[in-house]
Amino acid sequence: MGILDKIQEIEHEISRTQKNKATEYHLGLLKAKIAKLRQQLLEPTGKSGQKGEGFDVMKSGDARVALIGFPSVGKSTLLNTLTSTHSESASYEFTTLTCIPGVIEYNGANIQLLDLPGIIEGAAQGKGRGRQVIAVARTADLIVIMLDATKGEIQRQLLEKELEQVGIRLNSRKPNIYFKQKKGGGISFNAMVPLTKCNERMVQLILHEYKIFNAEVLFREDCTSDEFVDVILGNRVYMPCLYVYNKIDQISIEEVDRLARQPHTVVVSCNMKMNLDYLLDCVWEHLALLRVYTKKRGERPDFEGGLILRQGATVEHVCHVIHRTIAQAFKYALVWGQSTKYNPQRVGLSHLMADEDVIQIVKK
């Protein structure tokens, strides 16, 4: 029996099993088995066979955004509208057959936008070059899921399911669980909060399924058994996602209003160039990039060439972006902006920067 057949069999058993207190251990164990089989499906252990041909796209710019969606929803049209790159777009499906990169220049940042081929149901198992598309998506900083507003909600659920099967977790953060394998001493289990979705017996069953008999586990928040399995595997990618509904010019205003009120959702029309400026605002917000401007002593700040940094960047990161030797000769910095209590504030290397801060670095 193949891996796919085993997965289908376990999924069928899960759908048959009633969800109650008596069956929760059984269901948790089945979910752990499915996660293990999907892992084998993604990373074949056999050495034989040729390597698959992927999309060789060099990472460039300050951030990378991947466009994912079913065929013929308007991904190429969006790329052509927002960037100066031309991607073939037509009224038939599978117009784009490879990955086409483009660059959006916004707020002084260069954002790489990747137009990926349309994926079909079963992409996680490799149907229709699905594996290559999803492999590129794992390297992105933000996933933009393009949806057709004229079709139902089922397309959104199918795409979420495909991405979840390959270990991409959308708009969620890593579970706050400490897990470490040991050489001996059995399983040590502790929880800092009352657990309602998982317990010690469930954790032990899941660990035994993965042939782990010596480990230290600490739950710092109330997590489910699925989240615990994600922590054991350790190869899950947690990334922000934006749902973009295209072709809103073909549906009623009430339906547009309903879609626009959903979280992490933007409604656009690529053909009529409607709401594209708001889409760029949302992309910038989800990428959480910072602009930091530099200032020389006795001169005005340079608002033309700002430095683009990630959220959580410190003064030390700013030094490394300017030149790698500055941090060694660093004495202190003067910062103006939202991150300070007063302007200018004298700060050290560990000071956290905010968007549109101005910095002046003083060397020894």
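**Exercise 1.** In this predicted model, determine which residues of helix α10 (residues 315–322) are buried, and where on the helix they lie.

*Solution.* Begin with burial, for which a residue must have under 20% relative accessible area; in α10, V315, V318 and C319 meet this description. Next, look down the axis of α10, where the buried residues fall within an arc of 100°, so they line one face of the helix. The general rule behind this step is that an α-helix has 3.6 residues a turn, so residues three or four places apart point the same way. Finally, ask what lies over the buried residues of α10: the cover includes the strands β12 (289–294), β13 (307–310), β14 (330–336), β15 (345–347) and β16 (357–363).

**Exercise 2.** Decide whether strand β10 (residues 241–246) is mostly covered or mostly uncovered, and describe its two faces.

*Solution.* Count first: six of the six residues in β10 are buried, and the strand is therefore mostly covered. Then separate the faces, remembering that in a regular strand the side chains alternate between the two faces of the sheet. On one side of β10 stand C241, Y243 and Y245, on the other L242, V244 and N246, and both sides are covered.

**Exercise 3.** Find which strands pair with β10, and trace how the chain goes from β10 to β11.

*Solution.* Strand β4 (residues 142–148) runs parallel to β10 and is joined to it by six bridges, with I145 having Y243 as its bridge partner. Strand β11 (residues 265–267) also pairs with β10 in the parallel sense, over three bridges, and here V267 stands opposite Y245. From β10 the chain passes through helix α8 (residues 253–260) to reach β11, making a right-handed β-α-β crossover.

Methods. Residues numbered from 1 in each chain as written. Predicted model: local features only at pLDDT ≥ 70, side-chain atom pairs only at ≥ 80, totals over all residues. Heavy atoms only, no water. Buried < 20%, exposed > 50% of the residue type's maximum accessible area, 1.4 Å probe, protein only. Helix = DSSP H or I, 4+ residues; strand = E, 2+ residues; numbered from the N terminus. Pairing = 2+ DSSP bridges. Right-handed = clockwise from strand over helix to strand, strands pointing away. Arc of directions from axis to C-beta. Contact = heavy atoms within 4.5 Å.
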